[in-house]
Amino acid sequence: MKRKIELRSLLLGAFTGAAAVLCVAADTPKTNAGAPGDTTAKGKEVQMEQVTGIGGVFFKVKDPKGMTEWYRTNLGIQSKGGYADFTWRDKDHPGETGHTTWRIFPANTTYFGESSSSLMIDYRVANLDRMLEQLRKSGVKIEKVDNYDYGRWAWIMDPEGNRIELWEPREKEPKGK
């Protein structure tokens, strides 16, 4: 019983931490460094590509059905097959709807690649190509890149072997097209 409580606490803590990172990223002030007319030293620096938010939180469990029910009963997460989609609106673009995915995977999933971690976070990025170039320059191995109608993804590992998913959402077609 103690093992289950520790795992549940770990997963709840990881989800809470991911939500905190998203809140901090959303509240980070944007600067005009590098904008036309900016003559500051910062404006002349190459801007680092940064994560823009959390696209998803994924974790492996031994009992997917039981854990899905536990999250439904105790946290009210209404998932179907261990998958939930949280929708939200960006304060800078209130007319657009964003999504954050929450998903339970069976412990033997191959979706986490070679990672032995039970948690994987999907980070949203504005420009996947620039992010991947920046990572390559830092010596980070890019495992895989996939393109779909709804976005582009890449997977990397952090130095402790945690798999990270990077996601560049597709821009919406201009209205009227």
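User: Which residues make up the largest nonpolar core?

Analyst: In this predicted model, the strand β1 (51-61), the helix α3 (64-75) and the strand β3 (93-106) each supply at least two residues of the core in question. Twelve residues belong to this largest nonpolar core, and they are I54, V57, F59, V61, M67, W70, Y71, I77, A84, W102, I104 and I121.

User: Which element gives the most residues to this core?

Analyst: Three elements, namely β1, α3 and β3, each supply at least two residues to the largest nonpolar core. With four residues, the element that gives the most to this core is β1.

User: Which residues does the second, separate core include?

Analyst: Apart from the largest nonpolar core with its twelve residues, there is a second, separate core of ten residues. Among the members of this second core are L128, M131, L132 and A154.

User: In what order do the strands of the open sheet stand, and which are the edge strands?

Analyst: The secondary structure of the protein comes to four helices and seven strands, and from the N terminus on the elements run α-α-β-α-β-β-β-α-β-β-β. Seven strands form an open sheet with mixed pairing, in the order β2-β3-β1-β4-β7-β6-β5. Two of these strands pair on one side only, and these edge strands are β2 (83-90) and β5 (144-148).

User: In which sense do β1 and β3 pair, and which residue in β3 stands opposite F59?

Analyst: Strands of a sheet pair through backbone hydrogen bonds, either parallel or antiparallel. For β1 and β3 the pairing runs over six bridges and has the parallel sense. The residue in β3 that stands opposite F59 is I104.

User: At about what angle does α3 run to β3?

Analyst: The helix α3 supplies at least two residues to the largest nonpolar core, as do β1 and β3. This helix lies across β1 and β3, and the angle at which α3 runs to β3 is about 135 degrees.

User: Which parts of the chain does the salt bridge between E49 and R130 tie together, and how many residues apart are they in sequence?

Analyst: E49 forms a salt bridge with R130, in which the closest N and O atoms are 2.9 Å apart. E49 lies in the loop between α2 (41-44) and β1, whereas R130 lies in helix α4 (residues 128-137), so the pair ties together parts whose separation in sequence is 81 residues.

User: In the salt bridge between D146 and K144, is K144 buried or partly exposed?

Analyst: The closest N and O atoms of D146 and K144 are 3.5 Å apart in their salt bridge. D146 has 17% relative accessibility and counts as buried, because buried means under 20% relative accessible area. K144, by contrast, has a relative accessible area of 41%, and K144 is therefore partly exposed.

User: Which residues do salt bridges with shared partners join into one network?

Analyst: E168 forms a salt bridge with R152, the closest N and O atoms being 3.4 Å apart, and this pair links strand β7 (residues 163-169), which holds E168, to strand β6 (residues 151-157), which holds R152. E168 is buried at a relative accessible area of 18%, and R152 also counts as buried, at 14% relative accessibility. The network joined by salt bridges that share partners consists of D129, R152 and E168.

Terms used
Residues numbered from 1 in each chain as written. Predicted model: local features only at pLDDT ≥ 70, side-chain atom pairs only at ≥ 80, totals over all residues. Heavy atoms only, no water. Core = buried A, V, L, I, M, F, W, Y, C linked by side-chain atoms within 4.5 Å. Buried < 20%, exposed > 50% of the residue type's maximum accessible area, 1.4 Å probe, protein only. Pairing = 2+ DSSP bridges. Contact = heavy atoms within 4.5 Å. Axes fitted to C-alpha atoms, helices over the stretch in contact; angles between N-to-C directions. Salt bridge = Lys/Arg side-chain N within 4 Å of Asp/Glu carboxyl O.
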